[in-house]
Amino acid sequence: MRHTISTTILSALTLLAGSCSQAGSSHVGPVGGDTLTRQAEVLTMIDRGTYVQADVADPWHEGRLLARYALVHRDSMMPDNLPEGATAVRVPLERSVVYATIHTGAIAELGAIDRIAAVADGEWLTDSDPARRLLDEGRITNIGSSTAPLIETVIDLQPDAILLSPYESMSRGGIETAGAKLIEMADYMELSPTGRAEWILLLGYLYGREERAREIYNSVTDRYEALRAAVAGVAKRPQVLTERLTSGVWYVPGGQSYMARLITDAGGDYLWADRTETGSIPLDEAAVIDRAADADIWLVKDAKDISRDVIAADVPHADAIKAWRDGLWTCNSLATPFYNDLAFHPERVLAEYIGIFHPDTPGVSTGRYFKKLK
């Protein structure tokens with residue numbers, strides 16, 4: 001692992017992030033270091049010279065840490081000045097278990113797919129995910145459900161780390177007993193698309209691909225900002241509705257979510273942008289139609305191809321929405337890399353959204369994820 005020797009006093013941003021507490025502690029270890037992250041809010045990474053400190057804020061308890069790691073190169077002596085409460089992780093990882101398919105894709109892009117020994121919920125790996133082929137060939141093991149993993153199988157694999165996506169009050173099925181370091185990948189809790197994409201830096205340091213991770217992230221943010229700027233001054237912003245009624249509930253993204261941010265950055269008028277929620281908002285059909293009757297664009301995602309008949313069966317009054325007639329777009333999220341790209345390549349999703357909202361914009365197109373229903 002390459003480190004830059006610290007030469008400056010820790011920035012105010014780092015001090016603020018370091019003030020989060022781990023089980024009530026505010027100690028952050030040695031003062032000084034270069035902050036490696038800039039846009040992520042849940043993740044803060046600091047180069048301490050002999051190790052990299054990675055703090056993951058607790059998304060559900062303000063002012064506390066979910067986890068703190070000290071990433072130490074496996075060929076180095078273990079530093080004696082690690083911050084209080086830190087879990088020391090030897091890197092690069094050699095054998096890891098990865099729960100989320102969005103992370104297997106990013107690890108493959110970093111060139112470290114051979115460091116994955118097993119995955120959870122392997123049946124959800126898409127054909128476009130490089131881990132799918134390795135799983136089919138028996139070179140990667142499926143440990144079963146992420147909420148009820150096969151503990152004995154994990155123990156037999158002897159992984160040095162398990163990358164999982166934490167959820168509040170989630171059941172981990174006893175995976176803590178497997179003896180491997182647990183890496184809390186809470187990237188999905190970031191509020192901005194580029195903030196979430198910055199988590200590829202953590203993956204880069206975990207797998208010894210930090211330079212490649214920085215190259216990817218810089219390319220993502222440069223493209224994202226260029227696309228956003230291209231439509232920032234558009235005269236007409238189409239009203240945008242997402243998702244559909246499911247079992248009597250219509251979940252729409254909160255106004256402060258990164259999904260809402262993507263729509264806004266793509267030059268769309270998100271209909272619930274005035275709401276303060278960062279997660280989904282549960283609504284009934286009447287409440288949605290009351291606000292979205294004049295929606296110009298309707299984006300629907302599902303884990304399969306769906307037709308107008310399917311949507312009409314789920315949404316009895318779909319024809320009361322303007323976009324039903326000539327603005328309905330659907331995405332098969334299992335057959336396309338929508339969610340993988342949403343995490344670490346939001347510029348690709350942004351480009352497609354712009355292609356849907358403002359098709360005359362140079363350099364954008366549609367068809368990677370969505371298709372328009374006639």
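Biologist: Which residue in β4 stands opposite D55?

Modeller: This is a predicted model, in which local features need pLDDT of at least 70 and side-chain atom pairs count only at pLDDT 80 or more, while totals for chains, interfaces and linings use all residues. Residues are numbered from 1 along each chain as its sequence is written, and side-chain values use heavy atoms, without hydrogens and water. Strands β3 (residues 52-57) and β4 pair in the antiparallel sense over 6 bridges, where pairing takes at least two DSSP bridges. Opposite D55 in β4 stands R68.

Biologist: Which residue of β5 stands opposite L71?

Modeller: Strand β4 (residues 65-73) has 8 of its 9 residues buried, that is, under 20% relative accessible area with a 1.4 Å probe, protein chains only; exposed means over 50%. With β5 (residues 87-91), β4 pairs in the parallel sense over 5 bridges. The residue opposite L71 is V89.

Biologist: What arc do the buried residues of α7 cover around the axis?

Modeller: The buried residues of α7 are E210, A213, I216, Y217, V220, T221, Y224, L227 and V231. They lie on the same side of α7 because their arc, taken from the directions from the helix axis to the C-beta atoms, is only 135°.

Biologist: Which residues are exposed on the other side of α7?

Modeller: The buried residues of α7 pack against α2 (101-109), α5 (193-197), α6 (200-206), α8 (258-265), α12 (338-344) and α13 (346-357), with contact meaning heavy atoms within 4.5 Å. On the other side of α7, the exposed residues are D222 and A230.

Notes
Helix = DSSP H or I, 4+ residues; strand = E, 2+ residues; numbered from the N terminus.
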